[in-house]
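Visitor: I am new to this structure and should be grateful for a guided introduction.
Guide: Certainly; please look at it first, and then put your questions.

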Amino acid sequence: MKRNLAYALLVMLVAVASCSFTNKTFETDDKDKLLLDLITYVLERGHYQPKDINDDFSVEVFDSFIDIIDPTKRYFLASDIEEFDKYKFQIDDQIKNVDITFFDMVYGRLVQRMAEAKEIYKEVLKEPFDYSKEETLDVKYNKQPFVSSKKELKERWRKQLKYATLGTYDNKLEGSKLKAVEKEADVNEEGPATVFEDNTPSAPLSPAEAEKAARELTKSTLDDYFDFIDELERKDWFVQYLNTIVEVFDPHTFYFAPDDKEKFDTSMSGKFEGIGARLQKKKDQTKIVEIISGGPVWRDQQIEVGDEILKVGQNGQPPVDIVGMRLDDAIKFIKGPKGTIVDLTVRKVDGSLIVVSLMRDVVELEESYAKSATIIKEDQKFGLINLPKFYVDFEDYNERNAATDVAKEIERLKEAGVEGLILDLRDNGGGSLKTVVDMAGLFIKEGPIVQVRSTNKAPEVYNDKDDRIQWDGPLVILVNELSASASEILAAAMQDYKRGVVIGSKQTFGKGTVQNVIPLENIVRSNEYGDLGAIKITTQKFYRINGGSTQLEGVKSDVIVPDRYSYIDIGEKDQENPLGWDKIAPAKYAPWDGYIDYEATIANSTKRMAGNEQIKLIDENARWIKKAQDETVVSLKYNNYKRELEKDKETAKYFKTINDYNSHLLFESLGYEKELFAKDTVLKEKRVRWHKDLAKDVYIEEAVNVLQDLKMNHVNETKVASVKNK
């Protein structure tokens, strides 16, 4: 996406800016002020939809920064916030005047309050917790007010830490080595309190011994956490402040400090190290938002998108709590050299708590590529292509890209005699725009695929100009809430052309924007500070060929089927400050007329799904997950906690029967892969596991049913002409 008009315009902006900042001086040679000035300059002139830096902007930065650095409301007092309030409507003026007084004041007070917090938690943990006392805690912390006194602050710490020790207390009473703890207490969208558990095997302890051991483990973990916090420098917190400003523009605009820019470049090149998952911070939560095919998380199969990492341990050592920790700091605990072990305490989407031990590794890039299989149902054979992302080598497009790989897989499937094709874009977060256009062209003769608009510019239509059709047979596109960006473009184009049937969630992710990365050092001609990092900035928006944006609304499936994410907040709508939905004039295109009863096929599928017992169970599970996330008040009485724990264990056990489903479809690798199995047993094991999972997939089963219906009413171009003439 970098090679487009918007990028050229930004390069011109950089050239102009080089002159603007050459002779600019400040009262002090302050790198922080320089960064603030450069970033706001680029945002105001390069962002697709720049915001007015006014009082409303100021309030948003104020509230967000306080919320980010103290999400659990256990550092600042109400009097601190009142003191900060005098800057609530002045931050916009400070930004314009390259003034960082507000940051300096808040940072200085934070350092002071964190030092005091060290003493508070130590005092709290000296006294035993009374688990027989009837009391509750509302764990939706960001909705709680700041306390007015240090006495109230200590009480807040007491309740949060009592909640934090409940799981460990229970484990010590049970005396077993728990690698999986079903639902510690509550699930809620704003995040749980700190939860500590000990995985060391031990004999059952008495209540008094268990209570003491739980407090000791909690204290040890907090000691480690604050030791880590002490190592953070002022610049680490200032980067957070800069991103609080930047993210008011939209959730995909972001400032990368020099080290972070290097990590971003690495991820864009397709070389992933660590656990093989992308994380995102929301309030005090560290959530999994993408699992990279082939990585440790993917191979382990226990963690999924939407899960939250609560604690991180190193090869059996006591874990460190990361709830409320900055994302960059949390990642430092999670990452590590290949071959080392990391222990993750994870709160699952369904509310259960597990501890997963993973060996860090370099993700095999091959597993990010397209792969295919044949599906045999009775005497019919269909094809499936799974595409994890729209990959490309930006240095050499012809080297390898998603479009050419999918074209190869289509040819191989055609040689195998398939009668219909499923393109699986579930969990595909997007990628290269050019590959989307080229890939869409595999299924239509020619015509527009997507429209792209830059600020104050007429939309540019991206067309497929190749009149060859790689696949003219029945086509189904599978999507879910995590299908984003490029995935949405392809699904939308196929839907607008009526070329294929889209099956999946009520809507896809809803990311309809384009970003470019601008190195800040390119903006200053002379720079005494060295690497200044870079800013990833939103420069364009996507639009369907029917004129509607994919932003926020995504692509609405032709056949809507529930999944576990159906009732919880996930996608662009769940981000902070997303750009809005709008529409432009449609492009000129003619729907594909290769199906006689296209609408009837969709109606038949919808009817089948409404009566499918497996789908009903999945929907029931999704509603239970939503209900669990809405429960924010938890009991701190052990008997109540244990009762809820057992109740949720039974419920979770009931929903595990979802994995027992069997579609009775047969999946096979293509001939060229079977030849590789003799030399590559790892590849063989991956495919065996993949096929086993596919056989349990009710969505694949319905996609095959739809292909059968489409096959019945599919006509090739010659027959279409004949039908029209009649």
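**The largest cavity and its surroundings**

Guide: The lining of the largest cavity is made up of eleven nonpolar, three polar and three charged residues. The model is a predicted one.

Visitor: How many residues line the largest cavity?
Guide: The residues that lie nearest the centre of this cavity are Ile69, Tyr75, Tyr225, Gly324 and Met325. They belong to a lining whose full count is 17 residues.

Visitor: Which helices each supply at least two residues of that lining?
Guide: The helices concerned are drawn from the 22 helices of the chain, which also has 23 strands. Those that each supply at least two residues of the lining are α3 (55-69), α8 (207-231) and α9 (234-246).

Visitor: How much space lies in the largest cavity?
Guide: The count of cavities of 30 Å³ or more comes to five. In the largest cavity the space is about 140 Å³.

Visitor: What percentage of the residues of the chain count as buried?
Guide: A residue counts as buried when its relative accessible area is under 20%. Among the 726 residues of the chain, the buried share is 58%.

Visitor: What share of the exposed area do carbon and sulfur atoms supply?
Guide: The area that the chain exposes is about 30,800 Å². Of that area, carbon and sulfur atoms supply 49%.

Visitor: Is Asp343 buried or exposed?
Guide: Asp343 is found in strand β9, which covers residues 341-347. Its relative accessible area is 10%, and the limit for a buried residue is under 20%. Asp343 is therefore buried.

Visitor: Which residue has a backbone nitrogen that the side chain of Asp343 reaches?
Guide: Leaving aside residues up to four places away in sequence, Asp343 touches several others, among them Lys311, Gly313, Val356 and Ser357. Asn315 is also one of the residues touched. At 3.4 Å, the side chain of Asp343 reaches the backbone nitrogen of Asn315.

Visitor: How far apart in space are Val42 and Ile518, C-alpha to C-alpha?
Guide: Val42 is found in helix α2 (residues 31-46) and counts as buried at 2% relative accessibility. In sequence, Val42 and Ile518 are 476 residues apart. In space, their C-alpha to C-alpha distance is 8.8 Å.

Visitor: What percentage of the contacts with a separation of 6 or more comes from residues 24 or more positions apart?
Guide: The contacts considered here are those in the chain with a separation of 6 or more. Within that set, the share from residues 24 or more positions apart is 79%.

Visitor: Why is helix α15 described as largely enclosed by the rest of the structure?
Guide: Helix α15 runs over residues 486-496. Its buried residues include Glu488, Leu490, Met494 and Asp496. The helix is largely enclosed because the number of its eleven residues that are buried is eleven.

Visitor: What phi does Lys498 take just after α15?
Guide: Lys498 lies in the loop between α15 and β18 (501-504), and it is partly exposed, with a relative accessible area of 33%. Although Lys498 is not a glycine, its phi is positive, at about 60°.

Visitor: Is Asn456 buried or exposed?
Guide: The loop between β15 (447-454) and β16 (460-464) holds Asn456. Asn456 is not a glycine, yet it has a positive phi of about 55°. Its relative accessible area is 78%, and the limit for an exposed residue is over 50%. Asn456 is therefore exposed.

How values were computed. Residues are numbered from 1 along each chain as its sequence is written. This is a predicted model: local features need pLDDT of at least 70, side-chain atom pairs count only at pLDDT 80 or more; totals for chains, interfaces and linings use all residues. Side-chain values use heavy atoms; hydrogens and water are left out. On a 1 Å grid over the protein atoms alone, a cavity is a set of points where a 1.4 Å probe fits but cannot get out, and a pocket is an open set with protein on both sides within 12 Å along at least five of seven lines; lining residues have an atom within 4 Å of a point. Grid points are joined across faces, edges and corners, and a volume is the space filled by probe spheres set on the points. Helices (H or I, at least four residues) and strands (E, at least two) are DSSP runs, numbered from the N terminus. Ala, Val, Leu, Ile, Met, Phe, Trp, Tyr, Cys and Pro count as nonpolar, Asp, Glu, Lys and Arg as charged, and the others, Gly among them, as polar. Buried means under 20% relative accessible area, exposed over 50%, partly exposed in between (1.4 Å probe, protein chains only). Contact means heavy atoms within 4.5 Å. Accessible areas come from the Shrake-Rupley method with a 1.4 Å probe; for residues, only the protein chains shown count as cover. A polar contact is a pair of N or O atoms within 3.5 Å; within protein, one must be able to donate a hydrogen and the other to accept it, and residues adjacent in sequence count only if both atoms are side-chain atoms.
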